[in-house]
Amino acid sequence: TKFRNVTGVQTCALPISKLLGLRGLHVEAKRRKDAEAAHHFAQEAHEIAPVPWAGGALVEHHAGQGDWEKAREIVETNLWAKAIDEVTAQRQRAVIDTALAMERERTQPHDALHLARAALKRRPGFAPAAAVAFRVLVRHGDVKQALKLIETIWSKNPHAELGALYLEALSRSEEHTSELQSRFGISYAV
């Protein structure tokens, strides 16, 4: 390939030697901020064997490109090959589900809510997923359920964005104005 010609790398007879060489080339390409070359070397290594560094680099590359389905495929391949453990796979799946939910939040709110909830099952307390679910629920008039979601998440993982969303929803809801005042000592004129 053109990368071998540019770098002058010869193919190695042993896969382990080739993997080590590709790892070095990948690191060097990243140091030079050559994303295309880094991706190429990681992809080539992943085709030889799903080693953790190559799998992680491919997930990062596809996520950076917004190709969430391809990133999900790589996560599943990495898990199957035992390059990552189940906890890591669940965390990565939650991030991918949340990113997809964010993309679909306005155009496909039902799908976005489903993805955000799936992310929260995989990674309880994950603030970005909770924020998406909250916004979708509020837009569809289910403020009570949205507030309950934030209260549940807040107890596990207090997060500034969730607090801001919660206060905004409370302040917009007349029935919750007294609750806002009693809970937080805030006066809000309706």
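Which residues are linked with Glu69 in a network of salt bridges? In this predicted model, the network joins Glu69, Arg72, Asp97 and Arg122. By the distance rule applied here, the count of salt bridges comes to 13. Side chains of opposite charge can pair when their charged atoms come close.

Two of the pairs link helix 2 to other helices. The side chains of Lys18 and Glu44 meet in a salt bridge with an N to O distance of 3.4 Å. This pair connects distant parts of the chain, as Lys18 belongs to helix 2 (residues 15-31) and Glu44 to helix 3 (residues 35-48), 26 residues apart. Both Lys18 and Glu44 are buried. A salt bridge is also formed by Lys30 and Glu60, whose closest N and O atoms are 3.6 Å apart. Lys30 lies in helix 2 and Glu60 in helix 4 (residues 52-64), so this salt bridge ties together parts that are 30 residues apart in sequence. The relative accessibility of Lys30 is 43%, and this residue therefore counts as partly exposed. Glu60, at 53%, counts as exposed because the cut-off for that class is over 50%.

A further salt bridge is found within a helix. The side chains of Lys70 and Glu73 meet at 3.5 Å, N to O. Lys70 and Glu73 are three residues apart in helix 5 (residues 68-80), and so about one helical turn separates them. An α-helix has 3.6 residues a turn, so residues three or four places apart point the same way. With a relative accessibility of 29%, Lys70 counts as partly exposed. Glu73 likewise counts as partly exposed, at 46%.

Helix 9 was examined for the distribution of buried and exposed positions. This helix spans residues 143-156, 14 residues in total, and reaches 20 Å from its first C-alpha to its last. That span is close to the 20 Å expected at 1.5 Å a residue. The buried residues of helix 9 are Ala146, Leu147, Ile150 and Ile153. These residues lie on the same side of helix 9, because they cover an arc of only 130° around the axis. Lys144, Lys148, Ser155 and Lys156 are exposed on the other side of helix 9. The cover over the buried residues of helix 9 includes helix 7 (109-122), helix 8 (127-139) and helix 10 (160-172).

Definitions and conventions:
Residues numbered from 1 in each chain as written. Predicted model: local features only at pLDDT ≥ 70, side-chain atom pairs only at ≥ 80, totals over all residues. Heavy atoms only, no water. Helix = DSSP H or I, 4+ residues; strand = E, 2+ residues; numbered from the N terminus. Expected span 1.5 Å × (residues − 1). Buried < 20%, exposed > 50% of the residue type's maximum accessible area, 1.4 Å probe, protein only. Arc of directions from axis to C-beta. Contact = heavy atoms within 4.5 Å. Salt bridge = Lys/Arg side-chain N within 4 Å of Asp/Glu carboxyl O.
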